[in-house]
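Reader: I have a fold to learn and little time. Please take me through it step by step.

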Amino acid sequence: MQQGLPPHAVHVACHRRCTRFRSLIGFSPVQENQSHSRTSGTVRGLHFQRGPFAQAKLVRALKGRIFDVAVDIRPLSSSFGRWVGIELSAERGDALFIPAGFAHGFCTLEANSEIAYLVDTPYSP
């Protein structure tokens, strides 16, 4: 699900977006992660957690642009192995919601891109 937001202070945008997603689909973030990549073309992922530690994520670009990818890795899913990719940019203020049970990764399309993603389950190694 892609969601565009008007430019606001980061904490205000996060609050409004999280509230909107919580009311629509029950997304309740417990942790925010951030990533900074100095060079364009940096690939990060595919990351995932299994079982009770599987995480739903709300991903957005704080600075720059990324090509964001989610892959369904739920073995019993009718869409197992299918993926979606979308460009996210800080300028547009859009975001991608990724359900639990999906692997996530991205490639930076601009130097010095910064990414934030909210998750609904704490990280567990």
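Reader: How much area does the protein chain expose, and what percentage do carbon and sulfur atoms supply?
Author: This is a predicted model: local features need pLDDT of at least 70, side-chain atom pairs count only at pLDDT 80 or more, and totals for chains, interfaces and linings use all residues. Residues are numbered from 1 along each chain as its sequence is written, and side-chain values use heavy atoms, with hydrogens and water left out. Accessible areas come from the Shrake-Rupley method with a 1.4 Å probe; for residues, only the protein chains shown count as cover. The protein chain exposes about 7000 Å², and the share from carbon and sulfur atoms is 56%.

Reader: What percentage of the 125 residues is buried?
Author: Buried means under 20% relative accessible area, exposed means over 50%, and partly exposed lies in between (1.4 Å probe, protein chains only). By that cut-off, the buried share of the protein chain is 42%.

Reader: What pattern does the protein chain follow along the sequence?
Author: Helices (H or I, at least four residues) and strands (E, at least two) are DSSP runs, numbered from the N terminus. The protein chain has one helix and nine strands. Read in sequence, the pattern is β-α-β-β-β-β-β-β-β-β.

Reader: Which strands stand at the edges of the open sheet?
Author: Two strands pair if DSSP finds at least two bridges between them. Four strands form this open sheet, antiparallel, in the order 3-8-5-6. An edge strand has a single partner, so one side of it is left without a neighbour in the sheet. The edges are strand 3 (43-47) and strand 6 (83-89).

Reader: Which residue of strand 6 is the bridge partner of Ala70?
Author: Strand 5 (residues 65-72) runs antiparallel to strand 6, and seven bridges join them. In strand 6, the partner of Ala70 is Val84.

Reader: Is Asp120 buried, partly exposed or exposed?
Author: Asp120 lies in the segment after strand 9 (113-119). Its relative accessible area is 27%. That makes Asp120 partly exposed.

Reader: Which residue has its backbone nitrogen 2.9 Å from a polar atom of the Asp120 side chain?
Author: Contact means heavy atoms within 4.5 Å. Not counting residues up to four places away in sequence, Asp120 touches Phe27, Ser28, Pro29, Val30, Ala54, Gln55 and Ala56. The backbone nitrogen at 2.9 Å belongs to Ala56.

Reader: How far apart are the C-alpha atoms of Asp120 and Phe53?
Author: Along the chain, Asp120 and Phe53 are 67 residues apart. Their C-alpha atoms are separated by 9.4 Å.

Definitions and conventions:
Polar contact = N/O pair within 3.5 Å; in protein donor to acceptor, adjacent residues only side chain to side chain.
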